[in-house]
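Please read these points with the model open beside you. They are brief and go place by place.

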Amino acid sequence: MSEFFDLNVGYVSFKNPVALASMAGITDSEFAKKTAQDAGLIVIGGYNLDEETNHAAKIMSGHGRKEFISEEPMDLIESELLKLQDINSVVALNVRAVNAETYMRAALLARKYNAVLELDAHCRQPEITSLGAGQELVFDFGKLKGIIHKIKRTGVVLSVKVRSNVVNNLMLAQLIEEAGADILHFDAMGAQGSDLRSLKDVRDATSKIFLIGNNSVHNFEDAQKMFGRGADMVSVARRALENPGIFNEIVSSTSAVQRQTGWYNAPKHICGGGDLRGLTFCCLPVKPCVVHAALKKIGMTAKEFAEIKLDFVKGTPLQYGEGTCFGTMAWCCKATKPCFLRDNVLDAIGLSGVEYTLLKKRMAEHILSHRKKLVSNDA
Ligand SMILES: Cc1cc2nc3c(=O)[nH]c(=O)nc-3n(C[C@H](O)[C@H](O)[C@H](O)COP(=O)(O)O)c2cc1C
Ligand code: SF4
Ligand code: SF4
């Protein structure tokens, strides 16, 4: 099953691109086993790793918030990891602490059990932020970078969880990637529901980091919106409380898309709001449309873009395309967009929809490997 989606990050392989996101005081090993075994990634926690954060959690629980509180936090997380040894989902520990050294101790434990460590730079409870932990970390790039560096020294697979629109999304995402984190868990919180635009922008501003899209994923359609904007995985928190079947629902539908197309998170067309991978489905850039703005953001001229695409298709079945809009399938649309002109060519050359899409996927990687810069705010 791992090969079906081919989702590997360091020493972990996800069986599918759906995750349970952490909810303090709720998502422990028992909840995970009962609710989320269909998910490829299960994030438990957030665990408070030291005296200070446990003290803060006690105050928060006095206000009615559920929290995991422990006198022996390292023993607690180790026993939780042990209890989850027999499931076939990857486990991540979402954690808060005051010192980098404490995160490193938890990271070593995570690594021992082939789990992921997730740095909680997301919690906005004042009791935690006043300690310089949780979301407060995103206001101090130097400190955040230093903590990521130190945690990565342990060799752990590291995820960093952040909320959108707290500081500059693109600068934050780039800092996290450059500092060496493996996964960016992005809560694309918007004014109403999820801010899909911010997710897309973060995808375009980063290169290789594994991107988990989070916020208001209630069903497969919500997941698909995030996949089409560059999420490698989606995560679900609150909805899992009302509908424990949600993981199975999203995994089944996403698996069907993967089987039918070979690219479960294929981008939307650029003019439909897709991320830059969508350049693979773009037309010959001869008319005024948003492709020009997209190319400008990555420092590529329309001529270079055309050459890169034509060069890629040479010697591949995509070079054919008699009767299509631009004479070669280099410029053809996503397979899910019905088009008898393209499908006639596919039939004539015996290329399946999956093969076509996989070539388009490789072409997307090829185009982006030629970008001169990542998208930034001043682009
Ligand atoms: C009760 C509750 C507790 C949460 N605790 C944490 C936490 O400890 N660490 C964390 O990174 N996110 C925490 N979150 C945020 C969720 O993981 C998630 O980012 C957020 O709820 C948006 O996703 P959703 O729309 O799927 O719920 C918590 C959310 C809720 C509702
Ligand atoms: S080139 Fe075509 S597919 Fe791309 S943005 Fe323009 S109209 Fe849309
Ligand atoms: S032939 Fe069809 S698939 Fe190809 S560019 Fe034209 S409309 Fe799109």
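1. Phenylalanine 31 counts as partly exposed, because 18 C-beta neighbours fall inside 10 Å. The cut-off for buried is 20 or more, and exposed means 12 or fewer. Phenylalanine 31 belongs to helix H2, which covers residues 29-35. Its C-alpha atom is separated by 21 Å from that of glutamate 72, and the two residues are 41 apart along the chain. Bear in mind that this is a predicted model.

2. Now the chain as a whole. The protein chain carries 16 helices and 10 strands. Its radius of gyration is 22 Å; a compact globule of 379 residues would have a value near 21 Å, so the two agree. The C-alpha trace spans about 70 × 40 × 35 Å along its principal axes. Of the 379 residues, 47% count as buried.

3. Next, the barrel. It is closed by 8 strands, and the order is E3-E4-E5-E6-E7-E8-E9-E10. The pairing is parallel. Neighbouring strands of this sheet are turned against each other by 25° on average, with direction ignored.

4. Which strand is largely enclosed by the rest of the structure? Strand E8, residues 183-187, is the one to check, because 5 of its 5 residues are buried. Ile183, His185 and Asp187 point one way from the strand. Leu184 and Phe186 point the other way. Residues on both sides of E8 are buried.

5. E8 has a partner on either side in the barrel order. Strand E7 (residues 157-163) is joined to E8 by 5 bridges, and the two run parallel. Here arginine 163 stands opposite aspartate 187. Strand E9 (residues 210-214) also runs parallel to E8, again with 5 bridges. In that pair, phenylalanine 186 faces glycine 213 as its opposite residue.

6. The connections around E8 deserve a look. E7, helix H8 (residues 169-179) and E8 form a β-α-β unit that is right-handed. E8 then enters a second unit with helix H9 (residues 196-205) and E9, and that one is right-handed too.

7. Elsewhere in the barrel, strand E4 (residues 41-48) pairs with strand E5 (residues 90-96). The sense is parallel, and 7 bridges link them. Leucine 41 has valine 90 in E5 as its bridge partner.

8. E4 also holds a backbone feature to inspect. The peptide bond between glycine 45 and glycine 46 is cis, with omega at about -5°. Glycine 46 lies in E4. Glycine 46 is also listed among the residues that come nearest to ligand 1.

9. What surrounds ligand 1? There are 20 residues around it, and Ala21, Ala24, Gly46, Ala237 and Arg238 come nearest. By class, this shell has 7 nonpolar, 8 polar and 5 charged residues.

10. Ligand 2 has another kind of list around it. Cysteines in its surroundings include Cys271, Cys282, Cys283 and Cys289. His269, Ile270, Phe281, Pro285, Val290 and Val291 are also there. The class count is 9 nonpolar, 1 polar and no charged residues.

11. Cys283 recurs beside ligand 3. The other residues there are Thr324, Cys325, Trp331, Cys332, Cys333, Cys339, Leu341 and Arg342. By class, the ligand 3 shell has 7 nonpolar, 1 polar and 1 charged residues.

12. Two positive phi values call for a check. Aspartate 6 has phi of about 55°, although it is not a glycine. It sits in the loop between helix H1 (2-5) and strand E1 (7-9). Is aspartate 6 buried or exposed? Aspartate 6 counts as exposed, because 9 C-beta neighbours lie inside 10 Å.

13. Asparagine 215 is the other case. Its phi is near 120°, a positive value in a residue other than glycine. Asparagine 215 is in the loop between E9 and helix H10 (220-227). With 25 C-beta neighbours inside 10 Å, asparagine 215 counts as buried.

How values were computed
Residues are numbered from 1 along each chain as its sequence is written. Chains are lettered from A and ligands numbered from 1 in the order in which they are written. This is a predicted model: local features need pLDDT of at least 70, side-chain atom pairs count only at pLDDT 80 or more; totals for chains, interfaces and linings use all residues. A residue is near a molecule or strand if its C-beta atom, placed from the backbone, lies within 6 Å of it. Ala, Val, Leu, Ile, Met, Phe, Trp, Tyr, Cys and Pro count as nonpolar, Asp, Glu, Lys and Arg as charged, and the others, Gly among them, as polar. Helices (H or I, at least four residues) and strands (E, at least two) are DSSP runs, numbered from the N terminus. Two strands pair if DSSP finds at least two bridges between them. A crossover is right-handed if, with the strands pointing away from the viewer, the path from the first strand over the helix to the second runs clockwise. Axes are lines fitted to C-alpha atoms, for helices over the stretch in contact, and angles run from 0 to 180 degrees between N-to-C directions. The radius of gyration is taken over C-alpha atoms; the globule rule is 2.2 Å times the number of residues to the power 0.38.
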